[in-house]
Amino acid sequence: NWRLKNKKKIEMLLQGMKQYNTKIRFLTDKNLEERVMKKILTIFVLAMVATSFAKVTVNKSIRVEAGERRSSGCTTVNGSIVVENDAQLGGRCKSVNGSIRLERGCVVGGIATVNGSIRVAEECDVEDDIESVNGSIRCFDGVVVDGNVQSVNGGMHLEGVTVKGDITNYNGDITLEKGCTVFDDVIIKDKKGNDHRNKPLEIII
């Protein structure tokens, strides 16, 4: 029964992506597109297989109520995710086509979206990576990211944030304000196969 239940979830996810013609478009090289696409699909499939009690939807948005405690995360294909004040999730928040917003004082296992923005309010703790393909990332005072912050085609705006890994971007501007701390590196990766970018990137520290 457990395997059958999760098999149906995976079939629903893939059917929803096919129905809405979900695509990932990059301004970067083809190899990067394939790697990120495989990574995103792997995250979503493993999330449903390994966390059978996680909140998983295909064509709906998800809202986690203020102060709620969950041992798992939440996943949606065509919908946004909102985690209200002081909620705690033991797993990741993941969306394919939708934005993800954390309100003040939340704790989550990580954040990943393909086509959507990410906004993390004050005093949140993200225990793994923050990843976006086609969307901006904004984090505010007191946010702690235990992993990396990465975007492919979106800008980053961090204010008073601590990042314990790298900050990586390909085609978006980076702003670090109000005493941000980055334990490792700020990395700008080139587009392979092109002599120059569409426009110069702007980095403000």
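# Briefing: charge pairs, cysteines and a surface patch

Asp141 and Lys178 form a salt bridge, with 4.0 Å between the closest N and O atoms. The pair ties together distant parts of the chain, 37 residues apart. The model is predicted. It holds 8 salt bridges and 0 disulfides.

**Salt bridges around Lys178**

- Asp141 sits in the loop between β14 (137–139) and β15 (144–145). Lys178 sits in the loop between β20 (174–177) and β21 (181–182).
- Asp141 is partly exposed, because its relative accessible area is 31%, a value that falls between the 20% and 50% cut-offs.
- Lys178 counts as exposed, because its relative accessible area is 57% and the cut-off is over 50%.
- Lys178 also meets the side chain of Glu159 in a salt bridge, at 3.5 Å from N to O.
- That second pair again links distant parts of the chain, here 19 residues apart. Glu159 belongs to strand β17 (residues 156–159).
- Glu159 is buried, with a relative accessible area of 13%. Its partner Lys178 is exposed.

**Other salt bridges**

- Arg92, Asp128 and Glu131 are joined into one network by salt bridges that share partners.
- Glu103 pairs with Arg101 in a salt bridge, and their closest N and O atoms are 3.3 Å apart.
- Glu103 is partly exposed at 21% relative accessible area. Arg101 is partly exposed too, at 31% relative accessibility.
- In general, side chains of opposite charge can pair when their charged atoms come close.

**A buried lysine without a salt bridge**

- Lys94 lies in strand β7, which covers residues 92–95.
- Lys94 is buried yet has no salt bridge. The nearest side chain of opposite charge is that of Glu131, 9.7 Å away.
- Why does Lys94 have no salt bridge with Glu131? The 9.7 Å separation is too long, because a salt bridge needs the nitrogen within 4 Å of the carboxyl oxygen.
- The side chain of Lys94 does make a polar contact with the side chain of Thr75, at 3.3 Å.

**Cysteines**

- The structure has 0 disulfides. Cys124 is in none; the nearest cysteine sulfur belongs to Cys106 and is 4.5 Å away.
- The 4.5 Å gap does not count as a disulfide, because the sulfur atoms must lie within 2.5 Å.
- Cys139 is in no disulfide either. The nearest cysteine sulfur to Cys139 is that of Cys124, 8.6 Å away.
- Are these two cysteines, Cys124 and Cys139, buried or exposed? Cys124 is buried at 1% relative accessibility. Cys139 is buried at 0% relative accessibility.

**Nonpolar surface patch**

- Which residues form a nonpolar patch on the surface? They are Val186, Ile188, Ile203 and Ile205.
- Together, these four residues have about 370 Å² of accessible area.
- Ile203 is placed in strand β23 (residues 203–204).
- Ile203 is partly exposed, with a relative accessible area of 42%. That value passes the patch cut-off, because patch residues need over 30% relative accessible area.

Key
Residues numbered from 1 in each chain as written. Predicted model: local features only at pLDDT ≥ 70, side-chain atom pairs only at ≥ 80, totals over all residues. Heavy atoms only, no water. Patch = residues over 30% accessible without salt bridge, like charges linked within 9 Å, V, L, I, M, F, W, Y side chains within 5 Å. Areas by Shrake-Rupley, 256 points an atom, 1.4 Å probe, with all protein chains shown as cover. Helix = DSSP H or I, 4+ residues; strand = E, 2+ residues; numbered from the N terminus. Buried < 20%, exposed > 50% of the residue type's maximum accessible area, 1.4 Å probe, protein only. Lys, Arg positive; Asp, Glu negative; His and termini not counted. Polar contact = N/O pair within 3.5 Å; in protein donor to acceptor, adjacent residues only side chain to side chain.
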